[in-house]
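This report looks at how selected elements of one chain are held against each other, moving from charged pairs to helix packing and then to a sheet.

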Amino acid sequence: DTGDGSNCLRVQTGQMNIGRMGAFFMKISQTRDIRSANRLTIIKHILNKKHISRARISEETGLNKATVSTIVKEWMSLKLVEETTTGDSSGGRKPIILTLAARAGYCISVDMGVQSVKLILTDLNNEILLRRSFFIAEPAFACVYRQLYQEIDRIIKEIPPCPYGLIGISLAVRGIIDLDGVIRFIPKLGWHNIDIKSLLDQRYHVPVYIDNDGNLAASMESRLYPQYREMTVLSITDVISCGIITGGELVRGYLGFANAVGHHTVNIRETHQCSCGKYGCWEQYCSDQALLEEINRNRRTPLTDIDQFIDLIQKQDPDALNVLDHFIHNLAIGLSNIIFFMNSEMIILNSHLIHSLPYLMPEIMKDIVLPITHSQEILLSTLGSDAPILGASMQAIEAFFEILSMHG
């Protein structure tokens with residue numbers, strides 16, 4: 001200190017300059033973030049609408065026309081947006097319609113069931129171009145993984161030349177997936193702590209995504225009903241899967257296991273153990289596999305798939321009708337519980353059995369006990385068994401666009 005305060009003055013001035021520079025760089029960062037968000041908003045709007053004009057994008061997103069035009073030009077330079085036919089005019093020039101360059105890249109998605117595995121190849125519009133599947137002959141992970149990568153290898157060979165090639169691999173898994181993408185448990189396959197995401201990443205060197213099939217089905221279904229912010233999506237196959245949306249966001253829970261409603265207890269007196277280790281799980285009474293196990297107890301020739309059971313119902317087989325009555329009763333119990341747990345605006349029910357026998361819905365609704373809410377809207381899914389795998393491919397497509405929005 002010289003006594004004249006000059007050192008102190010210099011320090012204060014330096015701090016002030018550093019503060020201004022920090023604010024300057026923060027402003028640059030915020031500007032980049034806003035621009036990235038706008039880029040993503042526009043490309044997702046084109047993805048969701050399929051065909052749309054610049055003016056309509058501006059109108060629906062609230063972005064000004066100059067911003068929309070500039071960002072569309074950037075996406076066009078990346079060969080991801082194309083101009084197509086002109087649209088209808090409201091008095092001025094006819095608008096030029098924009099669409100995705102859907103064949104600029106492709107995604108492979110996998111629906112990992114407990115008896116079989118489905119694969120699809122989609123373009124950037126999430127249109128299915130190719131389907132493959134295989135039965136799980138041996139449930140050991142090493143065997144299933146070998147079958148899986150062999151099938152993926154075959155699909156990759158069929159991808160035509162394009163600017164971006166394979167943009168990602170996405171998996172819908174009927175089991176418990178943690179927040180790091182590790183398969184913690186698939187009860188019916190006996191898999192524990194499987195990091196299939198890392199294995200696929202090392203083999204194919206493309207982004208790999210993985211989630212529970214219930215979450216992915218819910219994210220896909222919610223696109224069809226954007227007006228609902230509170231929704232539960234229930235899928236009944238060989239297992240029971242669920243996806244829960246509240247406030248417009250998926251509910252994942254502390255470790256990512258929040259949607260395992262198939263293993264909530266509906267019968268405390270059950271003596272037969274569920275594959276998860278508990279007793280009296282909902283899945284033990286209402287999954288397709290549970291129905292087949294029950295009907296086969298009294299049959300010399302066992303049924304092997306749910307379509308055979310549906311055929312018996314249509315023929316008014318007494319044993320099958322009895323099993324069906326138990327199914328309706330237990331399904332109503334579980335749905336009543338979900339209604340009380342979540343108080344959703346909408347429940348989407350995805351079941352091949354109920355799709356095939358739609359007259360069951362009034363019977364199920366009649367058995368649902370709602371002394372508090374008195375009503376609940378429950379709809380059948382229009383996506384059917386493709387809901388999880390389409391949700392998986394959409395996850396990869398949106399992630400691809402998000403990466404390019406930040407760095408493209």
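Across the whole structure, which is a predicted model, a search finds 21 salt bridges. One of them joins Lys49 to Glu60, with the closest N and O atoms 3.6 Å apart, a separation that falls within the 4 Å allowed for such a pair. Because Lys49 belongs to helix α1 (residues 6-49) and Glu60 to helix α2, this salt bridge ties together parts that are 11 residues apart in sequence.

Helix α2 also takes part in a helix-helix contact, and the table sets this packing beside that of another pair.

| Helix pair | Angle | Distance between axes |
|---|---|---|
| α2 (residues 54-61) and α3 (residues 65-77) | about 120° | 9 Å |
| α8 (residues 288-296) and α10 | about 140° | 10 Å |

With its angle of about 120° to α3, α2 is oblique to that helix, and α2 passes α3 in a right-handed crossing. On the α2 side the contact is made by Arg54, Ile57 and Ser58, while α3 contributes Lys65, Val68, Ser69, Val72 and Met76. Sorted by class, the residues of this contact comprise four nonpolar, two polar and two charged.

The angle of about 140° between α8 and α10 likewise makes α8 oblique to α10, and here too the crossing is right-handed. Leu291, Glu294 and Ile295 of α8 meet Asp319, Ala320, Val323, His326 and Phe327 of α10. The contact of α8 with α10 has five nonpolar residues, together with one polar and two charged.

Turning to the sheet, five strands form an open arrangement in the order β14-β13-β12-β15-β16, and their pairing is mixed. The edges are occupied by β14 (249-250) and β16 (377-380), each of which has a single partner strand, so that one side of each is left without a neighbour in the sheet. Strands of a sheet pair through backbone hydrogen bonds, either parallel or antiparallel. For β15 (residues 346-351) and β16 the sense is parallel, and the pairing runs over four bridges, with Ile348 standing opposite Leu379 in β16.

Helix α10 (residues 318-342) packs on this sheet, where the helix touches β12 (231-236), β13 (240-246), β15 and β16, and its direction makes about 155° with that of β12. Helix α10 therefore has packing partners of two kinds, being in contact with α8 through residues such as Val323 and Phe327 and with the sheet through the strands named above.

How values were computed
Residues are numbered from 1 along each chain as its sequence is written. This is a predicted model: local features need pLDDT of at least 70, side-chain atom pairs count only at pLDDT 80 or more; totals for chains, interfaces and linings use all residues. Side-chain values use heavy atoms; hydrogens and water are left out. Axes are lines fitted to C-alpha atoms, for helices over the stretch in contact, and angles run from 0 to 180 degrees between N-to-C directions. Angles under 35 degrees count as roughly parallel, over 145 as roughly antiparallel, 65 to 115 as roughly perpendicular and the rest as oblique. A crossing is left-handed if the near helix is turned anticlockwise from the far one by less than a right angle, and right-handed if clockwise. Contact means heavy atoms within 4.5 Å. Ala, Val, Leu, Ile, Met, Phe, Trp, Tyr, Cys and Pro count as nonpolar, Asp, Glu, Lys and Arg as charged, and the others, Gly among them, as polar. Two strands pair if DSSP finds at least two bridges between them. A salt bridge is a side-chain nitrogen of Lys or Arg within 4 Å of a carboxyl oxygen of Asp or Glu.
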